[in-house]
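Dear colleague,

Please find the structure below. A short account of what was found in it follows.

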Amino acid sequence: MRTVGLDHPHYKWVALSNTTLGTLIATINSSIVLISLPAIFNGIHLDPLEPGNVSYLLWMLMGYMLVTAVLVVTLGRLGDLYGRVKIYNAGFAVFTLTSIALSLDPFDGGPGALWLIGWRVAQAVGGAMLMANSAAIITDAFPARQRGMALGVNVVAAIAGQFVGLVLGGVLAEWNWRTIFWVNVPIGVIGTLWAYRSLHDRGERRPAAIDWWGNVTFAVGLTALLAGITYGIQPYGGHTMGWGNPWVLAGLIGGVLVLAVFCLVESRVAEPMFPLRLFRSASFSGGNAATLLGSVARGGLQFMLIIWLQGIWLPLHGYRYEDTPLWAGIYMVPLTIGFLLAGPLAGHLSDRYGARLFAAGGLVVMAASFAGLLLVPTDFGYPVFAALIFVNGVGGGLYAAPNTSLIMSSAPAEARGAASGMRSTFQNAGMVLSIGVFFSLMVAGLAGSLPHALSSGLTAQGVPTATADSIAALPPVGLLFAAFLGYNPIQQLLGSSTLHHLPAAHAHALTGRQFFPHLIAGPFHQGLIVVFWLAIAMSLVAAAASLVRGRRTAAQGVEVTLRDADPEVQKTTS
């Protein structure tokens with residue numbers, strides 16, 4: 001493996017290649033577990049539909065995203081102080097070692113789930129090290145005229161990794177659930193050795209004290225807030241969700257209050273981990289607002305499409321429930337293709353024609369695709385569906401790289417690690433928020449109509465009224481997670497004794513591939529309408545935020561690089 005020096009003309013391409021690999025592996029692992037959860041739960045002999053196991057499911061699903069959201073700013077700031085490449089290289093090593101530990105889970109049941117959750121949290125620390133510093137390393141390595149293209153490649157890899165993980169996880173889980181972690185090991189070893197030999201720090205660094213109070217208040221506040229959202233989805237005290245749970249309220253309110261204290265601390269300390277002065281730049285503020293809203297909308301789409309495909313459409317079209325996770329990933333490939341086609345092109349063109357219109361235009365295209373999905377029936381024709389999610393992917397690709405370029409080019413060189421971490425925090429927090437927001441809206445929609453549909457559908461097949469009513473009274477979140485994981489819960493809910501006393505034709509109908517999808521299709525579509533309207537609103541507000549223009553003001557202490565990000569402004573200010 002040949003070493004390329006810092007001043008070598010090819011160094012920037014080495015930096016781009018390695019950081020893109022690091023970003024790709026980190027984001028693949030945010031979704032590879034998502035699609036593989038049924039195989040993982042079967043492998044450790046844990047029933048995901050048992051009420052007591054919902055917490056395991058949620059923390060396997062959201063723990064990785066929560067930790068990366070909390071740590072990326074801190075690790076980006078540490079990169080500014082001690083070297084971005086040092087933190088990045090350590091991240092590759094941590095990620096590889098924790099992947100080995102995850103694949104060697106020696107336990108079954110709850111202890112096995114806790115082993116996976118704990119090591120996923122540790123793996124997320126490595127992933128956060130990679131994500132926090134990759135954009136800053138690229139920004140240091142490339143001149144302004146090529147920065148949009150380079151960041152475009154990296155950002156496309158980051159978001160495409162979420163979709164690649166769905167397909168890869170489905171394929172590997174069909175073989176053995178442990179392989180979804182083993183696959184990281186050879187890539188991690190190669191990436192670690194390559195990074196240690198080839199990457200060099202060239203960003204501006206100056207010694208400074210670590211902002212311990214800022215780090216602690218930020219970690220505690222954001223963790224409490226996102227954990228409150230995580231537990232708010234779960235049933236509590238006879239209610240369909242847990243938003244009235246005192247612990248959830250304490251997490252939400254306490255998290256907001258601690259984050260307020262964090263802002264106060266950051267405004268007082270000499271060397272803050274989260275330089276609030278960066279938000280004096282309208283470009284930086286608008287870009288990050290667009291990142292958060294766009295991430296919530298995109299995350300909501302991803303989860304709703306998985307439920308739609310795995311729980312309804314694929315079983316209706318003859319696919320076995322065990323196979324739906326794999327095929328859901330495959331049928332979502334047009335989304336990835338659209339993103340991969342538009343992303344690098346938008347990054348390149350934004351270097352020449354300006355980033356704002358590409359970022360805003362991409363979000364408007366995404367909003368239009370959400371509007372199209374509103375008009376599609378639950379049992380849709382696939383060509384129309386594929387075209388709409390392809391358009392959504394194109395919109396995401398048009399927006400992602402220019403938006404990142406606007407954010408990174410609005411930060412002075414010595415704060416690029418912190419700026420990269422802030423961007424990643426908003427992006428990852430948006431994914432966690434999307435689960436809380438969209439699942440809550442969907443559960444609220446199901447709670448109004450699903451119990452009646454479930455009770456009447458079961459009694460029509462000869463199920464005793466008392467049994468049907470007791471099943472209909474269960475919180476709808478369980479059925480929603482069943483659809484999300486590609487399970488048919490009816491056989492488990494009824495039990496073998498009830499099914500044994502029903503006519504064979506009725507028992508076959510209840511446990512077949514048509515009953516459950518038809519049962520939830522109507523209530524699900526009602527919730528889907530609310531979800532997609534919210535996604536449209538978020539996308540349009542994010543588009544408006546992307547168009548906000550800043551001005552270079554010496555008094556602000558921020559270098560607002562409209563010149564770097566928008567060639568049109570370069571003409572008017574020269």
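**Findings on the aromatic residues, a helix pair and a loop**

Tryptophan 308 counts as buried, at 0% relative accessibility. Please note that the model is a predicted one.

Across the whole structure, a search finds 22 aromatic pairs. In one of them, tryptophan 308 meets phenylalanine 380 edge-to-face, with 5.3 Å from centre to centre and 85 degrees between the planes. This pair links distant parts of the chain: tryptophan 308 belongs to helix H10 (residues 282–316), while phenylalanine 380 sits 72 residues apart from it in the loop between helix H13 (356–374) and H14. Phenylalanine 380 is buried too, as its relative accessible area is 3%.

Tyrosine 331 and tyrosine 382 also pair edge-to-face, at 4.8 Å centre to centre and 70 degrees between the planes. Tyrosine 331 lies in helix H11 (residues 324–331) and tyrosine 382 in helix H14, so this pair ties together parts that are 51 residues apart in sequence. Ring pairs link these residues into a cluster, whose members include Trp308, Tyr331, Phe380, Tyr382 and Phe524.

Helix H14 (residues 382–409) also packs with helix H15 (residues 416–460): their axes come within 9 Å and cross at roughly 140 degrees. The two helices are therefore oblique to each other, and their crossing is right-handed. At the contact, Thr404, Ile407 and Met408 of H14 meet Arg416, Ala419, Ser420 and Arg423 of H15. These residues divide into 3 nonpolar, 2 polar and 2 charged.

Finally, most residues other than glycine have a negative phi. Histidine 45, however, has a positive phi of about 55 degrees. Histidine 45 is found in the loop between helix H1 (11–43) and helix H2 (54–82), and is exposed, with a relative accessible area of 58%.

Yours faithfully

How values were computed. Residues are numbered from 1 along each chain as its sequence is written. This is a predicted model: local features need pLDDT of at least 70, side-chain atom pairs count only at pLDDT 80 or more; totals for chains, interfaces and linings use all residues. Side-chain values use heavy atoms; hydrogens and water are left out. Axes are lines fitted to C-alpha atoms, for helices over the stretch in contact, and angles run from 0 to 180 degrees between N-to-C directions. Helices (H or I, at least four residues) and strands (E, at least two) are DSSP runs, numbered from the N terminus. Angles under 35 degrees count as roughly parallel, over 145 as roughly antiparallel, 65 to 115 as roughly perpendicular and the rest as oblique. A crossing is left-handed if the near helix is turned anticlockwise from the far one by less than a right angle, and right-handed if clockwise. Contact means heavy atoms within 4.5 Å. Ala, Val, Leu, Ile, Met, Phe, Trp, Tyr, Cys and Pro count as nonpolar, Asp, Glu, Lys and Arg as charged, and the others, Gly among them, as polar. Buried means under 20% relative accessible area, exposed over 50%, partly exposed in between (1.4 Å probe, protein chains only). Rings of Phe, Tyr and Trp (its six-membered ring) pair if their centres lie within 6.5 Å; planes under 30 degrees apart count as stacked, over 60 as edge-to-face and the rest as tilted.
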